[in-house]
Amino acid sequence: MVIFREFPNSASDPFIETSEVTPIYNCIAWAAGNTSKWYEPDPLGIYYWPSAIPREYTVSAYVQLYELLGYQKCSNGNLEPNFDKVAVFAKKSIPTHAAKQLSNGLWSSKLGKNIDVSHSLFAIENGHYGNVVQFLRRKKN
């Protein structure tokens, strides 16, 4: 169930449930296109994280993950039909979330072990995940 108090802007902007609850994958994996693993740079190595990237909770490490998948930093989240885009969120410089852009310009997020939602960026900003600190894009196949 979506807890709207965690996303205060969701009351006035699109925020639509798009999946059932599942603990198999998280937002970082979802934005990377993987629904079979939980991506996290935990120091104990319990979760999946590419060996080429430092296991640390830094925006730099999260950006490196998406760069490994062919993404490059870009300046905004505007819809560009020939590109896939990812937004990395942080709160107090600690990465908290990632979302992927849909073909209609909205974004898609996995909310922890909870549901997936379709939303505007505004709908989840200034809430539980903080704000977007980096956009990335890659050419569509």
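Modeller: A salt bridge is a side-chain nitrogen of Lys or Arg within 4 Å of a carboxyl oxygen of Asp or Glu. The model discussed here is predicted: local features need pLDDT of at least 70, side-chain atom pairs count only at pLDDT 80 or more, and totals for chains, interfaces and linings use all residues. Residues are numbered from 1 along each chain as its sequence is written, and side-chain values use heavy atoms, with hydrogens and water left out.

Colleague: How many salt bridges does this rule give?

Modeller: Side chains of opposite charge can pair when their charged atoms come close. One of the pairs is Arg-137 with Glu-80, at 2.5 Å from N to O. By the rule, the number of salt bridges is 4.

Colleague: How many residues apart are Arg-137 and Glu-80?

Modeller: Helices (H or I, at least four residues) and strands (E, at least two) are DSSP runs numbered from the N terminus. Arg-137 belongs to strand E7 (residues 131-139), whereas Glu-80 sits in the loop between strand E2 (72-74) and strand E3 (83-91). The pair thus links distant parts of the chain, and the separation is 57 residues.

Colleague: Which residue joins Glu-80 and Arg-137 in a network of salt bridges?

Modeller: Relative accessible area sets the class of a residue: buried is under 20%, exposed is over 50%, and partly exposed is in between (1.4 Å probe, protein chains only). Arg-137 is partly exposed at 27%, and Glu-80 is partly exposed at 24%. The residue linked with these two in the network is Lys-85.

Colleague: Which residue forms a salt bridge with Asp-84?

Modeller: Asp-84 lies in strand E3 and its partner in strand E7, so the pair ties together parts that are 54 residues apart in sequence. Asp-84 counts as partly exposed at 25% relative accessibility, and the partner is partly exposed at 26%. The side chains meet at 3.7 Å, N to O, and the partner is Arg-138.

Colleague: Is Asp-42, the partner of Arg-55, buried or exposed?

Modeller: The closest N and O atoms of Arg-55 and Asp-42 are 3.2 Å apart. Both residues lie in the loop between helix H1 (27-32) and helix H2 (59-68), so the salt bridge ties together parts that are 13 residues apart in sequence. Arg-55 counts as partly exposed at 33% relative accessibility. Asp-42 has 7%, and its class is buried.

Colleague: What is the area of the nonpolar surface patch that includes Tyr-47?

Modeller: Patches are made of residues with over 30% relative accessible area and no salt bridge, like charges being joined within 9 Å and nonpolar side chains (Val, Leu, Ile, Met, Phe, Trp, Tyr) within 5 Å. Tyr-47 is placed in the loop between H1 and H2 and is partly exposed, with 31%. Accessible areas come from the Shrake-Rupley method with a 1.4 Å probe, and for residues only the protein chains shown count as cover. Together with Leu-44 and Ile-46, Tyr-47 makes a patch of about 340 Å².

Colleague: Which element gives the most to the largest nonpolar core?

Modeller: A nonpolar core is a set of buried Ala, Val, Leu, Ile, Met, Phe, Trp, Tyr and Cys residues joined through side-chain atoms within 4.5 Å. The largest has 20 residues, and those touching the most other members include Ile-28, Trp-49 and Tyr-66. Two or more residues come from each of H1, H2 and E3. With 6 residues, the element that gives the most is H1.

Colleague: Which residue of E4 stands opposite Phe-89?

Modeller: Two strands pair if DSSP finds at least two bridges between them. E3 and E4 pair in the antiparallel sense over 6 bridges, and the hairpin of E3 and E4 has 2 residues between the strands, where Lys-92 takes a positive phi near 55°. Opposite Phe-89 stands His-97.

Colleague: How many bridges pair E5 with strand E6?

Modeller: Strand E5 (residues 107-110) points Trp-107 and Ser-109 one way and Ser-108 and Lys-110 the other way, and all are buried. Lys-110 stands opposite Asp-116 in E6. The hairpin of E5 and E6 has 5 residues between the strands, with Gly-112 in the turn at a positive phi of about 60°. E5 and E6 (residues 116-119) are antiparallel, and the number of bridges is 4.
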